[in-house]
Amino acid sequence: MEGKQAGSSLDLLIASFNKRIGELQELVIARNMYPASSIPDLTAIDTALSSMELQVQSIKDRLREEAEAIPKAKKLIEASLKQQGKLQKMSVYAPSHFPDKTTMLNSDINRCLLQENVKHHEQNSALSSLKYEDEAAVLPKEKKGRGSPPLWYITVEELNSLSSYMRGRLTLEKVNAAISDMASYAEANAHLIAAPKQKLAENLWEKALKLRDIVTAGSVKGKHFFLETDMKGPMLKLDNTGKAILTVLRHLGRISETRIGQNRVIILLKPQ
């Protein structure tokens with residue numbers, strides 16, 4: 001509609017200029033009948049008319065260019081409106097919130113790598129030490145008995161039942177996100193315990209040996225656990241907020257704690 005109005009206005013303007021040009025052409029004919037050199041007063045008029053003719057021609061050229069650009073502008077507007085419609089339809093199906101799953105993603109990557117390592121494990125375990133063979137024979141059974149780490153989230157009623165001093169500034173979302181982090185830590189530790197030595201880096205193997213010593217303890221055997229040093233986010237960290245979350249979860253019966261050697265061990269509990 002705007003394109004049609006602009007085109008109509010341009011047509012009126014061009015018609016007006018054409019009319020003016022016609023009048024000027026009549027004056028030019030009159031000028032040719034009486035050369036400006038023979039009538040001194042017409043010299044100035046001749047100069048003015050010549051200048052006007054050039055200006056009018058320039059205006060006509062400009063108007064023609066603008067008129068030719070209108071269809072292109074209309075096509076561009078139509079394409080923009082179509083694209084806008086497509087984006088609006090796509091936005092309807094886009095989720096409003098993307099949760100932070102960095103730790104879970106890392107856990108999935110580690111699990112895939114370990115599965116690939118087990119698949120391509122060479123049949124040379126006879127060259128390993130006797131201690132490693134005994135551990136490899138026992139620990140897979142432990143892993144099988146534990147299953148997946150529990151995700152025992154708290155409820156609003158449980159959080160509200162806490163004293164304001166214990167609850168502090170903690171929210172339901174923060175506490176349940178920390179529970180997800182704990183499950184990720186425990187699952188990663190379970191994979192390290194079951195992984196073959198040949199497929200682990202030296203620094204991971206040292207941690208795996210430490211975890212294998214811990215898992216044989218009576219208070220930890222058959223349970224999912226993680227170490228205090230595993231608390232590296234994204235939600236649960238070894239800071240004041242993280243310590244407050246551990247206190248709340250211990251009070252609500254989601255976790256228990258023990259110390260084995262120099263390691264503080266947090267055990268994930270299952271619903272009774």
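The residues that line the largest cavity divide into 9 nonpolar, no polar and 1 charged. This cavity belongs to a predicted model, and a good way to get to know the model is to start from that space and follow the helices around it. The general idea behind such a search is friendly enough: rolling a probe the size of a water molecule over the atoms shows where empty space is left. Here, the structure holds 2 cavities of 30 Å³ or more, and the largest has a volume of about 80 Å³. Its lining is formed by Pro150, Trp152, Ile179, Met182, Ala183, Leu249, Arg254, Ile255, Leu268 and Leu269. Helix α7, which covers residues 172-194, gives the largest share of this lining, with 3 residues.

It helps to place these residues in the whole chain. The protein has 272 residues, of which 29% are buried. Its secondary structure comes to 9 helices and 3 strands, arranged along the sequence in the pattern α-α-α-α-α-α-α-α-β-α-β-β. Among contacts between residues at least 6 apart in sequence, 69% join residues at least 24 apart.

Helix α7 can next be followed to its contact with helix α9, which spans residues 240-251. The axes of α7 and α9 lie 11 Å apart, and the two helices pack at an angle of about 85°. This angle makes α7 roughly perpendicular to α9, since values from 65 to 115 degrees are counted that way. On the α7 side, the contact involves Lys174, Val175, Ala178, Ile179 and Met182, which meet Ile245, Leu246 and Leu249 of α9. Sorted by type, the residues of this contact divide into 7 nonpolar, no polar and 1 charged. Some names will look familiar: Ile179, Met182 and Leu249 take part in this contact, and Ile179, Met182 and Leu249 are also among the residues that line the largest cavity.

Another residue of helix α7 worth a look is asparagine 176. With a relative accessible area of 15%, asparagine 176 is buried, because buried means under 20%. Leaving aside neighbours within four places in sequence, asparagine 176 is in contact with Tyr153 and Ile154.

Helix α7 also packs against helix α8, made up of residues 202-215. Here the angle is about 95° and the axes are 8 Å apart, so α7 and α8 are roughly perpendicular to each other. Helix α7 contributes Asn189, Leu192, Ile193 and Ala194 to the contact, while α8 contributes Leu204, Lys207, Ala208, Leu211, Arg212 and Val215. The residues of the contact between α7 and α8 divide into 7 nonpolar, 1 polar and 2 charged.

Lysine 207, located in helix α8, offers a closer view of this contact. Lysine 207 is partly exposed, with a relative accessible area of 23%; this value falls between the 20% limit for buried residues and the 50% limit for exposed ones. Not counting residues up to four places away in sequence, lysine 207 touches Asn189, Leu192 and Asp230. Of these partners, Asn189 and Leu192 belong to the α7 side of the contact with α8. Lysine 207 and asparagine 189 are 18 residues apart along the chain, and their C-alpha atoms are separated by 9.0 Å.

Methods. Residues are numbered from 1 along each chain as its sequence is written. This is a predicted model: local features need pLDDT of at least 70, side-chain atom pairs count only at pLDDT 80 or more; totals for chains, interfaces and linings use all residues. Side-chain values use heavy atoms; hydrogens and water are left out. On a 1 Å grid over the protein atoms alone, a cavity is a set of points where a 1.4 Å probe fits but cannot get out, and a pocket is an open set with protein on both sides within 12 Å along at least five of seven lines; lining residues have an atom within 4 Å of a point. Grid points are joined across faces, edges and corners, and a volume is the space filled by probe spheres set on the points. Helices (H or I, at least four residues) and strands (E, at least two) are DSSP runs, numbered from the N terminus. Ala, Val, Leu, Ile, Met, Phe, Trp, Tyr, Cys and Pro count as nonpolar, Asp, Glu, Lys and Arg as charged, and the others, Gly among them, as polar. Axes are lines fitted to C-alpha atoms, for helices over the stretch in contact, and angles run from 0 to 180 degrees between N-to-C directions. Angles under 35 degrees count as roughly parallel, over 145 as roughly antiparallel, 65 to 115 as roughly perpendicular and the rest as oblique. Contact means heavy atoms within 4.5 Å. Buried means under 20% relative accessible area, exposed over 50%, partly exposed in between (1.4 Å probe, protein chains only).
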